[in-house]
2 protein chains.
Amino acid sequence: MSLASWRSPLAHALHRNRSLAYARYLQLATVRADQRPANRTIVFRGFLDGTNQLQFVTDARNEKADQIDRTPWGEACWYFPKTREQFRLAGALLLVRADHPDPLLLKARQTAWQALSDGARTQFAWAHPGKPQTDRDGFNVPVPEATTPLPHFCLLLLDPQEVDHLELRGDPQNRWLHQQDGSGWSVQAINP
Amino acid sequence: MSLASWRSPLAHALHRNRSLAYARYLQLATVRADQRPANRTIVFRGFLDGTNQLQFVTDARNEKADQIDRTPWGEACWYFPKTREQFRLAGALLLVRADHPDPLLLKARQTAWQALSDGARTQFAWAHPGKPQTDRDGFNVPVPEATTPLPHFCLLLLDPQEVDHLELRGDPQNRWLHQQDGSGWSVQAINP
């Protein structure tokens, strides 16, 4: 596979904003069962080896997982404060659960689990997210082992089909639209 | 009207993050005509007087305006880097165009126009956003007058019905769900 046309400007943005830990945070929009949008902050976990797919992790007990099962499409909005630029990445979402049939993706799921910090891994052992909090006991849990992911741990992949890159710096601003066609990616300048 | 239960924690977050200009940026998710989600960064412009409605501005020539006409519902995701907290605000969207029947909202639209910087106001005079860029002449425009909004300038209102507030600091994290019922707002602690 060849790198998509938006990979170079995105890598550049990540590099120039690397002093900010939250430059790896972005917002992922999905669609709820009632056709209304949902939106939350997620953490970028690098690209799946040999692909242009962004990796995230999530808990299958979250509403997000049900939303993706129903409508496997998302748009990520990624704003970089230091360089004042925005990437909007629209594409297919793939949730890799414990029973996924592809062994390569299962392996990637395990690698993602192992790459987590102890703190991040422990959150997957917490009480059911989003449910009313009855007591704090559901959070007094040991750190799960790094070897085997907990059953509801999911790798989440976003495979962008269209990327809208806006640079707020510049007079006027610069904006490019990257689009996937059958054979690769095309890019054109569009009005900001 | 009385302040919603989430107004105080949100005001607190805005205050404690006030040194970051981009703490007033948030991401708004809407739904496209093809039922896929859209997501982009927008700038918070304060509350509509005497209400719990968040104000933004937008250009009626944007795709966002069509999406809101079709599905007048959005979810804003607002991450505050300094205090490490997130607000997810889901609610009805109302686009106040030049021909809106409510004179009070038309007045608010005019006030929002006047409150813009020259630079922000000029962007509404730029060439059609999102169209292929043919030349740079569409950006060599004078600053529009502050007195009367350009025809495609819109005030955009988000009237939250549910607000999910997550504090990443804390062990475990704290999370509250604010929900509107007929008479007012209720709030409960939920699992992070």
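Biologist: Where does B:His178 sit in chain B?

Modeller: In this predicted model, B:His178 lies in strand β7, residues 174-180 of chain B.

Biologist: Why is B:His178 called buried?

Modeller: Its relative accessibility is 4%. Buried means under 20%, so B:His178 earns the word.

Biologist: And what makes the pairing of B:His178 with B:Ser5 a polar contact?

Modeller: Their side chains come to 2.7 Å, and the cut-off for such a pair of N or O atoms is 3.5 Å. The value is within the limit, so the pair counts.

Biologist: Which other residues does B:His178 touch, leaving aside neighbours within four places in sequence?

Modeller: Besides B:Ser5, the contacts are B:Trp6, B:Gln161, B:Glu162, B:Val163, B:His165, B:Trp185, B:Ser186 and B:Val187.

Biologist: Let's move to B:Leu166. How do you know whether B:Leu166 is buried or exposed?

Modeller: B:Leu166 belongs to strand β6, residues 153-167 of chain B. Its relative accessible area is 14%; the limit for buried is under 20%, so B:Leu166 is buried.

Biologist: What surrounds B:Leu166, not counting residues up to four places away in sequence?

Modeller: B:Leu166 touches B:Arg84, B:Glu85, B:Gln86, B:Gln173, B:Asn174, B:Arg175 and B:Pro192. By comparison, take B:Ile68, 98 residues apart from B:Leu166 along the chain: the two C-alpha atoms are separated by 27 Å.

Biologist: On to the cysteines. Why is B:Cys154 not in a disulfide?

Modeller: The closest cysteine sulfur, in A:Cys77, is 20 Å from that of B:Cys154. A disulfide needs the sulfurs within 2.5 Å, so this pair is too far for a bond. Over all chains, the structure holds 0 disulfides. A:Cys154 is in none either, the nearest cysteine sulfur being that of B:Cys77, 20 Å away.

Biologist: How do you know whether A:Cys154 and B:Cys154 are buried or exposed?

Modeller: A:Cys154 has 0% relative accessibility and B:Cys154 has 1%. Buried means under 20%, so the word fits A:Cys154 and B:Cys154.

Biologist: Now a loop residue: what makes A:Gln35 partly exposed?

Modeller: A:Gln35 is in the loop between β1 and β2 of chain A. Its relative accessible area is 37%, and partly exposed covers values between 20% and 50%, so that is its class. Its phi is near 75 degrees, a positive value in a residue other than glycine.

Biologist: Why does A:Arg84 count as partly exposed?

Modeller: A:Arg84 has 30% relative accessibility, and the class runs between 20% and 50%, so A:Arg84 belongs there. This residue is in the loop between β4 and β5 of chain A, and its phi, near 50 degrees, is also positive.

Biologist: Finally, the interface. What makes A:Arg32 and B:Glu75 a salt bridge?

Modeller: The closest N and O atoms are 2.5 Å apart. The cut-off is 4 Å, so the pair qualifies. Between chain A and chain B the count is 2 salt bridges, with 22 residue pairs in polar contact.

Biologist: How many residues take part, and how much area is buried?

Modeller: Chain A gives 47 residues and chain B gives 47. Together the chains bury about 4100 Å², 52% of it on carbon and sulfur atoms. A:Pro37, A:Asn39 and A:Asn191 supply 16% of the area that chain A buries against chain B, more than any other three residues.

Notes: Residues numbered from 1 in each chain as written. Chains lettered and ligands numbered in written order. Predicted model: local features only at pLDDT ≥ 70, side-chain atom pairs only at ≥ 80, totals over all residues. Heavy atoms only, no water. Contact = heavy atoms within 4.5 Å. Buried area = accessible area lost by both parts, 1.4 Å probe. Salt bridge = Lys/Arg side-chain N within 4 Å of Asp/Glu carboxyl O. Polar contact = N/O pair within 3.5 Å; in protein donor to acceptor, adjacent residues only side chain to side chain. Buried < 20%, exposed > 50% of the residue type's maximum accessible area, 1.4 Å probe, protein only. Helix = DSSP H or I, 4+ residues; strand = E, 2+ residues; numbered from the N terminus.
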